[in-house]
Amino acid sequence: MNYPLIIGIQSFYIALSLILYSLIFLYIMWSGDLEFKTAFHRLFLLRAPADFLQVLVSLFAFRCPLAGWEEITHIPYLAKVGFMISQYSVLVEMCAQLLLSVNRLSAIVYPIQHNKFWTKKITLLLFTLGMLISIVPTASRATQPAAFMNVNGSFIPYLVNRGDQEKNSKVTCLIYSFFCFASLLCNLLACCVHRKQKRMQFFETQPKLASTVQTNLLIYACLSTVIVVAMTCFQSLLALHVFDVTAEAHKVVLLFLTISADAFALSNPWLLICLSSTFRHKFFAARKISRIFAAAPSTNETS
């Protein structure tokens, strides 16, 4: 498998996605539009630094060595720092994804009380709690020595002590499984209630645009959860030692794990652009960078 070519393709879509992500981040931050004062958009902004960090660390600490860039493996503690930062950022992303799934569920089940609960203070508090909890499993890696293994010209990061490798793989698999199950459960419940409301013609009492926004945001949350399911499957293959660390199949699993992690981190701006026609029109109406910072007209379309 031509890993340098694959890494080159990944670098292209990562760069493109990060540019779009940055522009959308700045637009939401500085537009002044009341539509972007919701918990959904706050969670979008809060998890953005973790998305950036996870992708960039994964690119330089894991994928460049996998492509055969030996010089970068000489950086002291690169493997250990890569493991720690990558795990922490992914856990923060998953906490944000679970909060988003709960947010969508409450918006559908309790549409009237929803905004009263998901205030700015509560959203920040829940996200901060998730960040603090994510430190616990990450801190255990601080004392675990890590290095790179040369496998046919590709340098694969690994934990020196086999016991650490097995323990971390299983713990990570359990954590991924928890977030996967919890997010999936919230999305399934939300979909069931949403479908029931449509059958009962609940949305006839709402403006058509509001019901469309509600549906699209639910789709947004569900698609993100599907990516978490994929990440959990690939992590389970590593935890169960289905393939030996020196086998070509092991490198393939690592590659697909990083691709699914990329999709989890970088899909946010693309999903927002594709699913929200209102946001898309406002964002592209800015045209120039200078207009991204200009105040946009306020609306109350989303919850």
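Over the ring of which residue does the charged end of Arg47 sit? In this predicted model, the views below take up that contact together with other side-chain pairs.

**View 1. The charged end of Arg47 sits over the ring of Phe264.** The distance from the charged end of Arg47 to the centre of the Phe264 ring is 4.7 Å. Arg47 also takes part in a salt bridge with Asp51, in which the closest N and O atoms are 3.1 Å apart. Asp51 and Arg47 are four residues apart in helix α2, and so are separated by about one helical turn. Arg47 is buried, with a relative accessible area of 4%, and Asp51 is buried as well, with a value of 0%.

**View 2. A salt bridge joins the side chains of Arg63 and Asp262.** The N to O distance in this salt bridge is 2.3 Å. Arg63 belongs to helix α2 and Asp262 to helix α8, so that the pair ties together parts of the chain that are 199 residues apart in sequence. Arg63 counts as buried at 1% relative accessibility, and Asp262 is likewise buried, with a relative accessible area of 1%.

**View 3. Lys282 and Asp33 meet in a salt bridge that belongs to a network.** The structure holds four salt bridges, and in the one between the side chains of Lys282 and Asp33 the N to O distance is 2.6 Å. Because Lys282 lies in helix α9 and Asp33 in the loop between α1 and α2, this pair ties together parts that are 249 residues apart in sequence. Lys282 and Asp33 are both buried, and a network of salt bridges links these two residues with Glu35.

**View 4. Tyr27 and Phe283 form an edge-to-face aromatic pair within an aromatic cluster.** A search of the whole structure finds 12 aromatic pairs. In the pair formed by Tyr27 and Phe283, the ring centres are 5.7 Å apart and the angle between the planes is 75°. Tyr27 is in helix α1 (residues 3-30) and Phe283 in helix α9 (residues 277-286), and the pair thereby links distant parts of the chain, 256 residues apart. Both Tyr27 and Phe283 are buried. The cluster to which they belong also contains Phe36, Phe279 and Phe284.

**View 5. The rings of Phe234 and Phe256 are stacked.** Their centres are 5.9 Å apart and their planes meet at 25°, which is under the 30 degrees required for stacking, and the pair therefore counts as stacked. Since Phe234 lies in helix α7 (residues 208-239) and Phe256 in helix α8 (residues 248-275), the pair ties together parts that are 22 residues apart in sequence. Phe234 is partly exposed, with a relative accessible area of 22%, and Phe256 also counts as partly exposed, at 40% relative accessibility.

**View 6. Cys173 and Cys192 are shown in a structure that holds zero disulfides.** Cys173 is in no disulfide, and the nearest cysteine sulfur, that of Cys233, is 9.3 Å away. For Cys192, the closest cysteine sulfur is that of Cys191, at 7.0 Å, which is too far for a bond because a disulfide requires the two sulfur atoms to be within 2.5 Å. Cys173 is buried, with a relative accessible area of 13%, whereas Cys192 is exposed, with a relative accessible area of 53%.

Note on methods
Residues are numbered from 1 along each chain as its sequence is written. This is a predicted model: local features need pLDDT of at least 70, side-chain atom pairs count only at pLDDT 80 or more; totals for chains, interfaces and linings use all residues. Side-chain values use heavy atoms; hydrogens and water are left out. Rings of Phe, Tyr and Trp (its six-membered ring) pair if their centres lie within 6.5 Å; planes under 30 degrees apart count as stacked, over 60 as edge-to-face and the rest as tilted. Helices (H or I, at least four residues) and strands (E, at least two) are DSSP runs, numbered from the N terminus. Buried means under 20% relative accessible area, exposed over 50%, partly exposed in between (1.4 Å probe, protein chains only). A charge sits over a ring if NZ of Lys or CZ of Arg is within 6 Å of the ring centre and within 35 degrees of the ring normal.
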